[in-house]
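Here is a short round of questions about how a few labels in a structure are earned. Take a look at the chain first, and then we can reason through them together.

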Amino acid sequence: MIAIDLVNVSNFILKNISLHIEPSSVHTVMGPNGAGKTTLLKVIAGLTKYTGKVLFNGTPVDTTPPWRREIGYLPQTNALFPHMTVLENVLFGLKNRGLSSSEAKHVAKYYLELLGAYELRDRYPLKLSWGEQRKVALARALAVRPKVLLLDEPFSGLHYDYRVQLVKLLEKILKEEKVTTVVVTHDLDEVTLISSTYTLLVDGKQLYSGELRGLLSAISQHLYYMNVYECTLEEVEKPGFALIKCGEIVLSVLLDPLYQEAVKGCTLAVTIPYNKVVLRALDGSPRGINSFRGRITCVKPLGNGLKLVKVNVENLVVNVLSSSAPATSEVTVEFPPGDLKVIPITR
C-alpha cells in the first residue's frame, strides 16, 4: 500500500502543488479543461518534467523511471495497440514484467473476466465500441498489479448503461485490490461513489484539497460555470424521482440509480451547469416545473456575445450563461430536471 506525497511540484502548467494521498484511498482531481489535471497524473507517473518532489511512502521517486514506479495508467485516449488483439494488449505489460506466458495469460484472463470483456479477447480495438475499449484499457492497467492506479476521465464518453456498470465494477475492484488510486475528472457524477478525498485545480493552481463538502464550497467560489447547492432530500415521490429543498426553494429532480439508496433527510449536492439554466423575462407568475421568480444582480460580459448573468432566487445565487440578458431585472429562472445532477453527501 502506497502513500503519495507531492511537495512543491511545478512545471509548465502546475504551480507549487503540495498534496498528500493516503494509502489504498481514492483521490479525485477535478477542474476545468486546461487546469493541469492530466499533467498531475503524468507527474506522478514520471511521464513529464517537473520541479519539486514526488514521494511514495516517504521515498522520493523523482529519478525513478516510469516503468519502475509500478504504475497502472488509464489514459483518456485508451491508447490500445490497434494491431494487437484485446488479449495481446493486456498481455503486453505482463510479459514486460517478466511473467511466463502461462502466468500472463492467467492474469489477463482474470481481469478481462472481472470487467466482463473476456469474450472480446480475439477482437481488435478498432472493432470495439468506446465502452468496450475502456474496459480493455482498464483491464490492462489493473493486470500489472500496480501499487498506484491513475485514471484519466475513466467514465467520459460512455453510454449510460456502460457508465453505471463501470462505476459499480470499479467500486468493487478498488475495495478488493486496495490500490492507491488517483482519478481525474471534470464532472462529479460518479466519482463520489468511489472517492474519499478531492483536489480542485484551476489554471494549474491547487485551490482546495480535502473532503467532498469543502470541495463543493470551493467549486461555488471558483467555478462560475457550475452551480452547486447543498440541499436536503424532502420526499421520494416515486422510484427515481424526488423533491429536494435547496435554501427556500424545492426542486423536482431525477435520482440516478447509482444513488437510489438516498433516504429522506439526507444531505445532497445538486449541480447544474450555467448553460443549462433557462432565463426568461418575467411574464406573470412562473409556471411549470422548477420555475422560480428571481432578480438579476449582475451581468458580466464573457466574450463572443455571451454574458454571465447572476440571479438571486430566494437568496440562492444562480449563474446563467446568456446571449442576451432580459431588459428588466425581474426574471423567471427554470431548472430543467434532466440537467440537475444529485450527489449524496451524507446517507
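Q: What makes the packing of helix H3 against helix H4 oblique?
A: In this predicted model, helix H3 (residues 101-114) and helix H4 (residues 130-143) pack at an angle of about 135°, their axes lying 9 Å apart. Angles over 145 degrees would count as roughly antiparallel, and 65 to 115 as roughly perpendicular. The value of about 135° falls in neither range, so H3 is oblique to H4.

Q: Which hand does the crossing of H3 and H4 have, and which residues meet there?
A: The crossing is right-handed. On the H3 side, Val-107, Tyr-111 and Leu-112 make the contact, and on the H4 side Ala-139, Leu-142 and Ala-143.

Q: How do you know what kind of residues make up the contact of H3 with H4?
A: Sort them by class: six are nonpolar, with no polar and no charged residues. Tyr, Val, Leu and Ala each count as nonpolar, which fits the names at this contact.

Q: Why is the pair Glu-176 and Lys-172 called a salt bridge?
A: The closest N and O atoms of Glu-176 and Lys-172 are 3.0 Å apart. The cut-off is 4 Å between a Lys or Arg side-chain nitrogen and a carboxyl oxygen of Asp or Glu, so the pair qualifies. In general, side chains of opposite charge can pair when their charged atoms come close.

Q: What separates Glu-176 and Lys-172 along helix H5?
A: They are four residues apart in helix H5 (residues 160-177), which means a separation of about one helical turn.

Q: Are Glu-176 and Lys-172 buried, partly exposed or exposed, and how do you know?
A: Glu-176 has a relative accessible area of 45%, and Lys-172 has 42%. Buried needs under 20% and exposed needs over 50%, so both residues are partly exposed.

Q: What makes Arg-213 and Glu-230 a link between distant parts of the chain?
A: Their closest N and O atoms are 3.2 Å apart, in a salt bridge. Arg-213 sits in helix H6 (residues 212-222) and Glu-230 in strand S11 (residues 226-238), 17 residues apart. Arg-213 is partly exposed at 41%, and Glu-230 is partly exposed at 46%.

Q: How do you know which of Glu-334 and Arg-280 is buried?
A: Glu-334 has a relative accessibility of 18%. Buried means under 20%, so Glu-334 counts as buried. Arg-280, at 42%, is partly exposed. The two side chains meet in a salt bridge at 2.9 Å, N to O. Glu-334 belongs to strand S19 (residues 330-334) and Arg-280 to strand S15 (residues 278-281), so the pair ties together parts 54 residues apart in sequence.

Q: What joins Arg-293, Arg-295 and Glu-330 into one network?
A: Salt bridges that share partners do so. The structure holds seven salt bridges.

Q: What makes the phi of Asn-16 and of Glu-70 worth a look?
A: Most residues other than glycine have a negative phi. Asn-16 has a positive phi, near 55°, and the phi of Glu-70 is also positive, near 55°. Asn-16 lies in the loop between strand S1 (4-10) and strand S2 (17-21), while Glu-70 lies in the loop between strand S5 (59-60) and strand S6 (71-74).

Q: Why are Asn-16 and Glu-70 called partly exposed?
A: Asn-16 is at 48% relative accessibility and Glu-70 is at 29%. Partly exposed covers the span between the 20% and 50% cut-offs, so the label applies to both.

Technical notes: Residues are numbered from 1 along each chain as its sequence is written. This is a predicted model: local features need pLDDT of at least 70, side-chain atom pairs count only at pLDDT 80 or more; totals for chains, interfaces and linings use all residues. Side-chain values use heavy atoms; hydrogens and water are left out. Helices (H or I, at least four residues) and strands (E, at least two) are DSSP runs, numbered from the N terminus. Buried means under 20% relative accessible area, exposed over 50%, partly exposed in between (1.4 Å probe, protein chains only). Axes are lines fitted to C-alpha atoms, for helices over the stretch in contact, and angles run from 0 to 180 degrees between N-to-C directions. Angles under 35 degrees count as roughly parallel, over 145 as roughly antiparallel, 65 to 115 as roughly perpendicular and the rest as oblique. A crossing is left-handed if the near helix is turned anticlockwise from the far one by less than a right angle, and right-handed if clockwise. Contact means heavy atoms within 4.5 Å.
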